[in-house]
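User: Let's go through this structure together, and I'll jump between topics as things catch my eye. Please set out any convention I need before we begin.

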Amino acid sequence: MGQAIIDLQHLAKKFGDETVLKDINLTVNKGEIVGLIGPSGAGKSTVIKVTLGMEVASGGSAKVFDTTMPNRQLLGRIGYMAQTDALYDALTGKENLVFYGKMKGIEKSQMAAEVEHAAKVVDLTKDLNKRVSGYSGGMMRRLSLAIALLGSPELLVLDEPTVGIDPALRRQIWAELDRIKSEGRSILITTHVMDEAELTDRVALLLDGKVMAFDEPGVLKKQYDVPTIEDVFLKAEGVE
Amino acid sequence: MRTIAIMNRVLKELFRDKRTLALMFLAPVLVMLLMSVIFNTNSSTNVNVGTVAVTQKLNKEMGSIKHVDVKSYDSKADANKALKDDKIDAIIKKNGKNFSLTYANTDSSKTAAVKLAFKNALTATSIDQLKSALKKSTKATVKLQAQLIAMQKQQAAASSASQTAGATTATQKAAATKATSTNHATKSTSQTTPKITNHYVYGDKDTGFFAKMVPILMGFFVFFFVFLISGMALLKERTTGTLDRLLATPVKRSSIVYGYMLSYGILAVIQTIVIVLVTVWLLGIEVVGNLVSVILINLLLALVALAFGILLSTFANSEFQMMQFIPLVIIPQVFFSGLIPLDSMASWVSDIAYIIPLKYSGDAVNAIIMRGTSIFDLGGDILVLLGFLVALTILNIVGLRRYRKV
């Protein structure tokens, strides 16, 4: 176990009278990929929002890089990819990358190299000068991921990054995620694709605003006595 | 740095949206052209007239006319000052027997009202003069007749002595007397209908109602388009998630607001220039003051509109809901902008104008275009607009907290 990059302790979040998160305990260590799975409305996006400091915790603590969130400066060390593509349609792929790069505070001298690298990972190099309005859904998703990768952030927070992406490219992206991990960088990823959950180091199963289980995929499968993570998910949800 | 990057991005997006751009620049031109053709009507308005060296009687006659207030001034300089300060709409000055009328002419309907009132008053007062003049000329005629009779008698008496030569002299004499009396009659006629000279501070006798609308229309277009397009732009950022993503970077909330201000400020300047050029060259509207001042005021108004648009866009969930602000925010501004004379409204209604940004820019631009007022003398209007701007900007920066808590 390395140093905890994300450290959520007894995290609770209420919106008005509605309690979305009850008691979340979640850690992401240095050089680790943590998967966050759970049905829609379980509070995955809220966990991410609190982690990024978009929302403030109603109870418990949310620390990233040992600093209580929200903290604006820390955001420069986090690469975030939202569920929506969040791109500027009127701009080209490259202009989108450069704009977000500037917002992240990437130096001018490194900008070209960063943009090139990020585009290469998601296989968009030859489409960079096209307007985003002419992109296919998959291309937009890839560009969105590329934006998160800009500036080699120490922590990546990816919300459903592989929706609408071809299997071949998905494999390529996971290879990149593994490479990032081997560099000692950390990743928090939410997913609906259960075989992707198997690829993570640890999986947190979020249900009803609580973390039902949080362990390595293998351990979870043994614990629930099922062959796949999908079954763990279903069993925890009480469908079976 | 980030502010500039945001500005560049917003400008890039704007300039690639050719249709919106065309709307921003062509629609105002088209509407102004149409309005210049359509608006030539006059309505009853209240006018204040200043008089210098005019008889009590004329003053009284003018004052008794509906919608006309008369104030007499001791000197032409005092009256001129009042005219410049917009306290009165016209000056009537008597020079000997003639009248010199000076109109502010910033509102052609007022100029027309003054002209009419003056004519009526003059007619009423001169009736007496006419009467006395008539008596005089009647007397003169009687005198003439008496002279003629006397001459005829003379002629008859002298006919026996020197017939031919005397007759010629008498005829000449009679002709001379006749000429004198004719002169006299002409003189008395000129006394009853004095010569009236008209002077216009702004424009000329052809200045129409449209001229008064131009400064306000200019501001209206700037306000309308900047409000709507900036509001839509931020709304789009919010609904597509780019705002969230932007806020997931270390960018300051204020940088986002300033970036928007800079880009839309530039756009507003270009728009103002286009509108000003169209009004000056195409419609032939006279601009007395400094064009740069006009652009500066409109820039300030555009920034207020931008801040307003961004603020209200947070209360809209779709572009259609943003459109719903038009009747709520834009239309009332038109009513109180000064396009419709405020002095004809009930006082509690016209007080609403004090919270309407368009009124202040309208007043200021009006003063610059029509009276040539220096921008440094418009501190009041500018200060109020700045107040709007600062308050709305702070609200916006604080308001973005809804999307990121730091």
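Analyst: The convention to have in mind is that angles run from 0 to 180 degrees between N-to-C directions, with axes being lines fitted to C-alpha atoms. Please also bear in mind that this is a predicted model.

User: Fine. Which strands does H4 of chain B lie across, and at what angle to E1(B)?

Analyst: Helix H4 (residues 76-84) of chain B lies across E1, E2, strand E3 (90-95) and strand E4 (98-103) of that chain, and it runs at about 165° to E1(B).

User: What's the strand order in that sheet, and is it open or closed?

Analyst: The sheet is open and has 5 strands, in the order E2-E1-E3-E4-E5 of chain B, with mixed pairing. Strand E2 (68-73) and strand E5 (196-200) of chain B are the edge strands, each pairing on one side only. On average, neighbouring strands of this sheet are turned by 20° against each other, direction ignored.

User: Parallel or antiparallel for E1(B) and E2(B)?

Analyst: Strand E1 (residues 47-52) of chain B pairs with E2(B) in the parallel sense, over 6 bridges. Within that pairing, Val52(B) stands opposite Tyr73(B), which belongs to E2(B). Helix H3 (residues 56-63) of chain B packs on the sheet as well, where it touches E1 and E2 of chain B and has a direction at about 155° to that of E2(B).

User: And chain B overall, how many helices and strands?

Analyst: Chain B has 15 helices and 5 strands. Of its 406 residues, 36% are buried, and among its contacts with a separation of 6 or more, 77% are between residues 24 or more positions apart.

User: Now the contact between the chains: how many residues from chain A and from chain B?

Analyst: Chain B contributes 22 residues and chain A contributes 25 residues. On the side of chain B that touches chain A, helix H1 (2-16) and helix H8 (242-247) of chain B are the elements that give two or more residues, and H1(B) gives the most, with 6 residues. By class, that side of chain B has 8 nonpolar, 4 polar and 10 charged residues.

User: Switching to chain A: how far apart are the axes of H2(A) and H3(A), and at what angle do they pack?

Analyst: Helix H2 (residues 93-104) and helix H3 (residues 108-121) of chain A pack with their axes 10 Å apart and at an angle of about 125°, and H2(A) and H3(A) are therefore oblique to each other. Their crossing is right-handed.

User: Which residues in H2(A) meet H3(A)?

Analyst: From H2(A), Lys94(A), Leu97(A), Val98(A) and Gly101(A) meet Met111(A), Glu114(A), Val115(A), Ala118(A) and Ala119(A) of H3(A). By class, this contact has 6 nonpolar, 1 polar and 2 charged residues.

User: A glutamate in there? Is Glu114(A) buried or exposed?

Analyst: Glu114(A) counts as buried, because it has 20 C-beta neighbours inside 10 Å, and 20 or more is the cut-off for that class. Leaving aside residues up to four places away in sequence, Glu114(A) touches Gly101(A), Ile106(A), Leu150(A) and Gly151(A).

User: What about E6(A), which residues point which way?

Analyst: In strand E6 (residues 78-81) of chain A, Ile78(A) and Tyr80(A) point one way while Gly79(A) and Met81(A) point the other way, and all are buried. In a regular strand, side chains alternate between the two faces of the sheet. E6(A) runs parallel to strand E7 (residues 155-159) of chain A, joined to it by 4 bridges, and Met81(A) has Leu158(A) in E7(A) as its bridge partner.

User: Last topic, backbone geometry. Where is the cis peptide bond?

Analyst: The cis peptide bond joins Met69(A) and Pro70(A), with omega about 5°, and Pro70(A) is placed in the loop between strand E5 (67-68) and E6 of chain A. Most peptide bonds are trans, and most residues other than glycine have a negative phi.

User: Which value does phi take in Ala86(A), and in Glu160(A)?

Analyst: Ala86(A) has a phi near 50°, which is positive, and Glu160(A) also has a positive phi near 50°. Ala86(A) lies in the loop between E6 and H2 of chain A, and it counts as buried because it has 23 C-beta neighbours inside 10 Å. Glu160(A) is in the loop between E7 and helix H5 (167-182) of chain A, and with 19 other C-beta atoms within 10 Å Glu160(A) is partly exposed.

Note on methods
Residues numbered from 1 in each chain as written. Chains lettered and ligands numbered in written order. Predicted model: local features only at pLDDT ≥ 70, side-chain atom pairs only at ≥ 80, totals over all residues. Buried ≥ 20, exposed ≤ 12 C-beta atoms within 10 Å, placed from the backbone. Contact = placed C-beta atoms within 7 Å. Nonpolar A, V, L, I, M, F, W, Y, C, P; charged D, E, K, R; others polar. Parallel < 35°, antiparallel > 145°, perpendicular 65-115°, else oblique. Left-handed = near helix turned anticlockwise from the far one by under 90°. Pairing = 2+ DSSP bridges.
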